Amino acid sequence: MESSRSKCSLLRCDEIDAVYVEPFILSGYRRPGLSWWQCIKHAFVLHNDVGNFWTHFIPFLLWVWWLVAISVSEENFFQPYNYPLLCFWFGACSYALFSSLAHMFACKSFLVHTTCFIFDYLGIAMYALGANIGSLFYVSATSSPLLQNRTWVIWTEAMVAVTGFLTCSLSRFYWKKYRFVVRVGSYAIPYFFGVGPYAHRQALCIFYGTDCVPQTFYFHMAAIVFANLLAFFFVTKIPERFFPGKFDYFFQSHQLFHVCAACLTSVQMYYTPMEMAIRRTVLIEVPGGQPTWQTTFLPFVCALMLGVGMTGCLGYLTYAGVLTTNKNDERKNK
Ligand SMILES: [Zn+2]
């Protein structure tokens with residue numbers, strides 16, 4: 001009964017403010033102005049954002065369980081060697097949780113909608129940074145100059161992640177025509193920081209036969225495929241671009257983007273412990289190869305705090321009316 005009543009009260013895209021409208025999604029919008037509790041209850045009601053909530057909330061729960069499982073199975077789990085893994089895990093859970101909450105509360109109000117999605121971008125930035133710290137310490141070739149200059153590299157990566165987050169957040173207010181390209185581009189540089197150590201190691205393996213880890217090759221390839229697929233769905237808005245209104249509830253590009261992101265992270269969670277176990281004895285021999293809290297948690301937490309501060313500033317500027325969405329311009333042009 002609750003379900004059918006709620007579904008009947010769903011709105012079409014021309015019945016609500018442009019702020020809440022997604023391209024090529026024509027129906028299934030919740031009525032803006034719901035209470036916090038009503039937003040939570042709508043996680044169990046069919047509407048056009050419910051799939052976006054569950055495609056990140058279920059992975060979040062699975063990844064929490066994953067960490068609990070591996071931390072109890074290993075004695076002395078919270079040792080320095082595992083710090084990069086913990087940064088990666090924390091970043092992954094941040095983006096999945098922030099994304100779920102953003103899609104859950106997106107219809108609350110313009111301010112909540114905007115602030116939640118800026119937190120969503122912060123989660124992605126923290127995930128990129130955490131994954132890159134993991135990639136640097138566990139995946140780099142033993143002769144990698146990145147590893148030898150790890151302090152500089154990690155702080156640069158932290159700054160790049162925060163800059164990407166800020167650019168991505170500003171795309172909600174500026175660059176309306178290219179906002180999806182800007183959002184993907186914001187994380188392109190952090191992505192190359194993550195893939196770089198593996199590309200270098202693989203090149204050494206091919207040309208010199210050193211640092212080869214064939215056991216994880218296909219997992220790295222799968223991760224690259226998922227990373228490209230998620231960018232593809234995010235930018236192109238396929239399939240709903242060609243069939244507006246037909247994918248309002250299921251299989252819209254944003255859900256496919258979420259699924260690809262969850263698959264990418266899950267593959268990383270699978271191969272990272274493999275890399276750690278296989279290469280442990282080699283990496284311990286590398287001068288300075290042992291992670292410390294100064295080269296893992298410190299830059300990670302500093303970037304997080306900076307990002308939270310920026311989110312607060314952007315939220316306040318939105319509340320004060322200084323920043324307004326670029327979507328209103330889009331409707332005027334239609
Ligand atoms: Zn999303």
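Trainee: Among contacts between residues at least 6 apart in sequence, what share join residues at least 24 apart?

Mentor: The share is 77% in this chain. Keep in mind that the model is predicted.

Trainee: What makes the size of the chain agree with that of a compact globule?

Mentor: A compact globule of 334 residues would have a radius of gyration near 20 Å, and the chain has 21 Å, so the two agree. Along its principal axes, the C-alpha trace spans about 65 × 40 × 35 Å.

Trainee: Which kinds of secondary structure does the chain have, helices or strands?

Mentor: There are 13 helices and zero strands.

Trainee: How much confidence does the predictor place in the chain, and where is the pLDDT below 50?

Mentor: The mean pLDDT is 90, and 95% of the residues reach 70 or more. Residues 1–8 fall below 50, with five contacts beyond near neighbours in sequence. Residues 330–334 are also below 50, and that stretch has three such contacts. Where pLDDT is low, the predicted coordinates should not be read in detail.

Trainee: Why are helix 8 and helix 10 called roughly antiparallel?

Mentor: Helix 8 (residues 179–186) and helix 10 (residues 217–236) pack at an angle of about 160°. Angles over 145 degrees count as roughly antiparallel, so the name fits this pair. Their axes are 8 Å apart.

Trainee: What kinds of residues make up the contact of helix 8 with helix 10?

Mentor: The contact has six nonpolar residues, no polar and no charged. On the helix 8 side are Phe180, Val181 and Val184, which meet Ala231, Phe234 and Val235 in helix 10.

Trainee: Why is Phe24 called buried, and why is Asp211 called partly exposed?

Mentor: Phe24 has 20 other C-beta atoms within 10 Å. A residue is buried at 20 or more, so Phe24 qualifies. Asp211 has 19 such atoms; that count lies between the cut-offs of 12 or fewer for exposed and 20 or more for buried, so Asp211 is partly exposed.

Trainee: What is notable about the phi of Phe24 and of Asp211?

Mentor: Phi is near 70° for Phe24 and about 55° for Asp211, positive values in residues that are not glycine. Most residues other than glycine have a negative phi. Phe24 sits in the loop between helix 1 and helix 2, while Asp211 sits in the loop between helix 9 and helix 10.

Trainee: Which residues does a cis peptide bond join?

Mentor: Ile238 and Pro239, with omega about 20°. Pro239 lies in the loop between helix 10 and helix 11. Most peptide bonds are trans.

Notes. Residues numbered from 1 in each chain as written. Predicted model: local features only at pLDDT ≥ 70, side-chain atom pairs only at ≥ 80, totals over all residues. Helix = DSSP H or I, 4+ residues; strand = E, 2+ residues; numbered from the N terminus. Rg over C-alpha atoms; globule rule 2.2 N^0.38 Å. Contact = placed C-beta atoms within 7 Å. pLDDT = per-residue confidence, 0-100. Axes fitted to C-alpha atoms, helices over the stretch in contact; angles between N-to-C directions. Parallel < 35°, antiparallel > 145°, perpendicular 65-115°, else oblique. Nonpolar A, V, L, I, M, F, W, Y, C, P; charged D, E, K, R; others polar.
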